Amino acid sequence: MSDNTLHEEIASEQQHVDRVYARLAGLRAEAAQAEADGYQLARVGNYGALVERDAMVFHAARRRHSFDTEHEGLVFGRLDLHPDRVETEPTDAVADPEAAGWDERPRYIGRLGVRTEQAEPLLIDWRAPAAAAFYRATAAQPLGVIRRRMISSFGEKVTGIEDDLLDPANAPESMTVIGDGALLAALSRAKGTGMRDIVATIQHEQDLAIRSPASGVTLVEGGPGTGKTAVALHRAAYLLYADRARFAGGGVLIVGPSPVFVEYIETVLPALGEDSATLKSTGQLVVGVNAVREETAAVRAVKGSLRMRRVLRRAAEDAPPSNPDGLRIRYRGEWLVLTRQQGEEIRRRVGRGNRRNEIRAKAFGAVLDQLWAQAKPKLARLEQSRFDEELTEHEGFRSFLKAWWPIVRPIDVLGWLGDPRRLRRYAEGTLSGEEQRLLSRALAPLRESGPSIDDVPLLDELRELVGLQPVPKRRRREAYTVGGVREVATAYERARASLAADPRERDYRDYAHVVVDEAQDVTPMQWRMIGRRGHAASWTIVGDPAQSAWIGDPREPVRARDEALGGRKRHPHRLTTNYRNSTEIFEVAAEVIRQVSPDLPLPKAVRSTGVAPVHRLVEPAGLEQAVREAVAAQLGEVEGTVGVITADASVRERVREWLAEHAQERLRVVTALEAKGMEYDGVVLVEPAAITAGTDAGRRTLYVALSRATQRLVTIATQPWR
């Protein structure tokens, strides 16, 4: 193929892209004008005009916003179809209104749908059924597609094209085919600091998962590099497109394993034109908590176990450390006494099975009844209502009640477990002595360092057990209201202001769809926490059992997940192709996981770079210098990101100090757990043996770390690990 041919094809595509952007500019101008015209309706002066104004402005502003967010890479695909051999699938392209009017012309695929003033199609939204063949057509099943073309752009300028010729027998002689294939071209590009959308390169098995039925549970399994996370995010965008009222109204929650991961993926949905989803790590699901501290695998196995429910329930029903020995108070010349034993009997009778913060008044009433039984024979003419009123005003009595039944926060109760004597009572018959010692030591830093990631589901469980702290109702200040005077504003303006101030209630638990990524590492207690937020939702769950670092009872995560999902219908999908790693890199990772599961079906890497991973064995004294040299070399060899992966947080901080001179946007230093779900052009893996720790769970974690690189992999060790 000559350069002239390539330039001619690019120029041809540029003409269509120019038409699309010109029309987009016109549509944007029309939306802006409609928005301005809507405001003028207020001058009519009646309520009907105001309602019409609000509706007009709202829809115009929302449309203008969609045009503004979908500018970059707007047109990315083209389908050349055989007019007589278009095969229809369950997503029938012929019945799709997006497809109407294309006839035998090429179909252009993009980030949104665009038509001319005469309603002739210029661009099909990638989520529309008519675009499905762009992702599902193969040489074996072309679905009527002769040539599939990927169009690369920078701004509004076409910079490259790559073709897949799927049906050569029906290709016209004049048809030109450019490049080696769209997917491999995309895979060879350098990674940025955030995750890219894959909207232009979605593959058939990925598209089937993305367009899986909206109801029930879509389960997506696949090894490293198969695009699980990208599938989950693009599925969220697809659902918001297919049924916006349901999913944008109820909300979409996306849960990832770490804040590092959430930061990595946070730009994908906005790039697809969707900004309504909520992204949280498992350490951020409880209001007011942003946990980043990791636990050891042994501690996670204790804190994540379903057995913790019994331990926490016992703690939630126990007396607080401030519990007084009893009460002795003088009332109208008579001594009234409540012994410690009597107080505990009331606590057990009133509190068992109830949320202590929500039955405080009932507990106080039971104490008054106990004391009234003593006072009544001595003060025969006194009515109980008067007795209750006077005793409640007694300062000593009120001080007793506050100490005996205080308002407790979940973090207060969790802190009680740090006391070995208390924990022994709560965990008797539930946790072994060694597990109790592990748990007690792990909770020691709670006050100074705050909760760990695995403390967060315990706090959520305790919130269910102790109840909410009573909060006085505040009158909410209405947006666009100053000094009690309501300013003129549209419904759209008020809705946007309201969402900006408080998108939903802080502890929102009624999501319409929940996405769980890296599901193999969600502990049983985390499943319970996530399940509370998706009790009425449909679900998308993606993960890889081979990457699980859970060392507890393997039945517990399955049981907890099934309880969270209930009886919803399951739609399973399996991804089998590794698009991330070169064959040279993935073979090293495969060697490790085969030590754990020799017969495990692994994904197939689809490209070779000819660059073998480098493994360096150094003396302990030379580790720092070796890491510095390897990082400097990687930053020079790759254009994208370089990830330095360590065994744990303490090593991570030490390595960050070593690399202070290299601090730049392209460099990331993370732990092996933080690396889950991440992707880097180059990886420097420090002390692999420290990650494995001689355990199968450690080998699974090392398998993850070794499969993060797209182009270069270097391991640096002070002891043999292969």
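**Exercise 1. Find the ring that Arg 328 covers, and give the distance to the ring centre.**

Solution. Start at Arg 328 and look for an aromatic face beneath this residue: you land on Trp 335. The distance to the ring centre is 3.9 Å. Keep in mind that this is a predicted model. For a charge to sit over a ring, CZ of Arg has to be within 6 Å of the ring centre, and 3.9 Å passes that part of the test.

**Exercise 2. Work out the surroundings of Trp 416: its helix, its burial and its contacts.**

Solution. Step one, place the residue: Trp 416 belongs to helix α16, which covers residues 410-416.

Step two, check burial. The cut-off for buried is under 20% relative accessible area. Trp 416 comes in at 10%, so this residue counts as buried.

Step three, list the contacts, skipping neighbours within four places in sequence. Trp 416 then touches Ala 315, Asp 318, Ala 319, Pro 320, Pro 321, Arg 356, Val 408, Arg 422 and Tyr 426.

Step four, pick out two of those partners. Arg 422 puts its charged end over the Trp 416 ring, 5.0 Å from the centre. Pro 321 is 95 residues away along the chain, yet its C-alpha atom is 8.1 Å from that of Trp 416.

**Exercise 3. Classify the ring pair Tyr 508 and Tyr 511.**

Solution. A search of the whole structure turns up nine aromatic pairs. For Tyr 508 and Tyr 511, the ring centres are 4.8 Å apart and the planes meet at 85 degrees, so call this pair edge-to-face; the cut-off for that label is over 60 degrees.

Now for burial. Tyr 508 has 15% relative accessibility and counts as buried. Tyr 511 is buried as well, at 8%.

While you're looking at rings, find the cluster too: Phe 76, Trp 126, Phe 134 and Tyr 135 make up one aromatic cluster.

**Exercise 4. Decide whether His 82 is buried or exposed, and say what it touches.**

Solution. First locate His 82: this residue is in the loop between β1 (75-81) and β2 (107-110). Its relative accessible area is 15%, which makes it buried. Leaving out residues up to four places away in sequence, His 82 touches Gly 144, Ile 146 and Asn 170.

**Exercise 5. Explain why helix α22 is described as largely enclosed.**

Solution. Go along residues 524-533 and tick off the buried ones: Pro 524, Met 525, Gln 526, Trp 527, Met 529, Ile 530, Gly 531, Arg 532 and Arg 533. That is nine of the ten residues in α22, so the rest of the structure largely encloses this helix.

Conventions:
Residues are numbered from 1 along each chain as its sequence is written. This is a predicted model: local features need pLDDT of at least 70, side-chain atom pairs count only at pLDDT 80 or more; totals for chains, interfaces and linings use all residues. Side-chain values use heavy atoms; hydrogens and water are left out. Buried means under 20% relative accessible area, exposed over 50%, partly exposed in between (1.4 Å probe, protein chains only). Helices (H or I, at least four residues) and strands (E, at least two) are DSSP runs, numbered from the N terminus. Rings of Phe, Tyr and Trp (its six-membered ring) pair if their centres lie within 6.5 Å; planes under 30 degrees apart count as stacked, over 60 as edge-to-face and the rest as tilted. A charge sits over a ring if NZ of Lys or CZ of Arg is within 6 Å of the ring centre and within 35 degrees of the ring normal. Contact means heavy atoms within 4.5 Å.
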